[in-house]
Amino acid sequence: MFPELNDLLNTAPDRVEQGKLTLLCDAKTDGSFLVHHFLSFYLKANCKVCFVALIQSFSHYNIVGQKLGVSLTTARERGQLVFLEGLKSSVDVFFRAEEKPHPLQFLREANAGNLQPLYEFVREALQPVDKGEAAWRCPVLLVDNLSVLLSLGVGAVAVLDFIHYCRAAVCCKLQGNMVVLAHDSGHAEDEENGILLNGLSHQSHLVLRAEGLATGFCRDVHGQLSILWRRPPQPTAQRDRSLIYQYKIQDKSVSFFAKGLSPAVL
């Protein structure tokens with residue numbers, strides 16, 4: 001995890017909020033560093049994590065996780081991490097007979113819109129453990145990347161329904177958290193993407209949006225991060241609060257600074 005981002009969000013592994021949906025969004029840049037942050041954050045917080053990874057392999061996330069001080073292999077072996085590797089599992093859908101529906105069963109269906117098997121996989125993965133097993137702080141669902149489902153033919157409404165049911169099960173019933181990444185294509189004609197992002201934004205308690213610089217590539221500033229807090233817990237607080245920072249990604253950390261205050265230009 002990135003300590004500077006924890007400071008910006010006013011959080012730490014020893015004081016995790018519960019019942020929250022966090023939306024990660026990237027536009028004209030790669031926002032995967034945010035996924036790695038929250039994955040390592042919740043593992044260090046001793047939470048039970050269900051990770052639906054539709055973009056990269058397990059080894060990729062594990063290598064980055066080791067740089068951030070966590071071992072996904074160890075977490076999976078001790079039951080803290082349930083990992084659905086979309087790239088590998090998609091092969092099983094087509095070439096292996098399953099006794100029960102595969103979480104990615106929609107890949108074989110003519111009308112790709114039934115995400116119920118994927119929801120059932122998440123629900124079963126995050127069910128409270130037996131008394132004889134380790135007790136985790138709270139369940140967490142992490143999805144990277146929801147926009148892939150659109151590319152595979154799933155409609156935006158079906159994806160939003162999936163998120164709605166996951167919120168009911170994870171955030172409301174189990175008092176856990178959800179973190180999902182979606183890509184903003186930036187194309188006005190991409191209606192499905194717009195519907196998905198708008199729907200996710202309205203449901204989210206926290207929105208982190210990573211964007212590329214309007215001026216193009218810069219060696220010392222890699223992008224801009226907008227942080228939007230929605231639905232604050234205090235009834236008298238302002239409904240929405242936002243901050244904007246620029247950032248630079250390094251090998252094992254990310255540094256954040258106000259616009260125009262990069263150490264390279266001071």
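Angles between elements are taken from 0 to 180 degrees between N-to-C directions, along axes fitted to C-alpha atoms. The structure described here is a predicted model, and its account begins with the sheet.

An open sheet of nine strands, with mixed pairing, follows the order β3-β2-β4-β5-β1-β6-β7-β8-β9. Because β3 and β9 (254–257) stand at the edges and each has a single partner strand, one side of each is left without a neighbour in the sheet. From one strand to the next, the twist averages 20°. Strands of a sheet pair through backbone hydrogen bonds, either parallel or antiparallel. In the case of β6 (residues 206–211) and β7 (residues 223–229), the two strands run antiparallel and are joined by six bridges, with Arg209 standing opposite Ser226 in β7.

Two helices may be described in relation to this sheet. Helix α6 lies across β2, β3 and β4, and runs at about 160° to β2, whereas α8 packs on the sheet through contacts with β1 (21–27), β4 and β5 (177–183), its direction making about 155° with that of β5. Within α6, which spans residues 116–125, the buried residues are Pro117, Leu118, Tyr119, Val122 and Ala125. An α-helix has 3.6 residues a turn, so residues three or four places apart point the same way. The cover over the buried residues of α6 includes the strands β2 (48–53), β3 (81–85) and β4 (139–144), together with helix α8 (156–173).

At the surface, Val91, Phe94 and Phe95 make a nonpolar patch of about 350 Å². Phe94 belongs to helix α5 (residues 86–95) and is partly exposed, its relative accessible area being 45%.

Notes: Residues numbered from 1 in each chain as written. Predicted model: local features only at pLDDT ≥ 70, side-chain atom pairs only at ≥ 80, totals over all residues. Heavy atoms only, no water. Buried < 20%, exposed > 50% of the residue type's maximum accessible area, 1.4 Å probe, protein only. Helix = DSSP H or I, 4+ residues; strand = E, 2+ residues; numbered from the N terminus. Contact = heavy atoms within 4.5 Å. Pairing = 2+ DSSP bridges. Patch = residues over 30% accessible without salt bridge, like charges linked within 9 Å, V, L, I, M, F, W, Y side chains within 5 Å. Areas by Shrake-Rupley, 256 points an atom, 1.4 Å probe, with all protein chains shown as cover. Salt bridge = Lys/Arg side-chain N within 4 Å of Asp/Glu carboxyl O.
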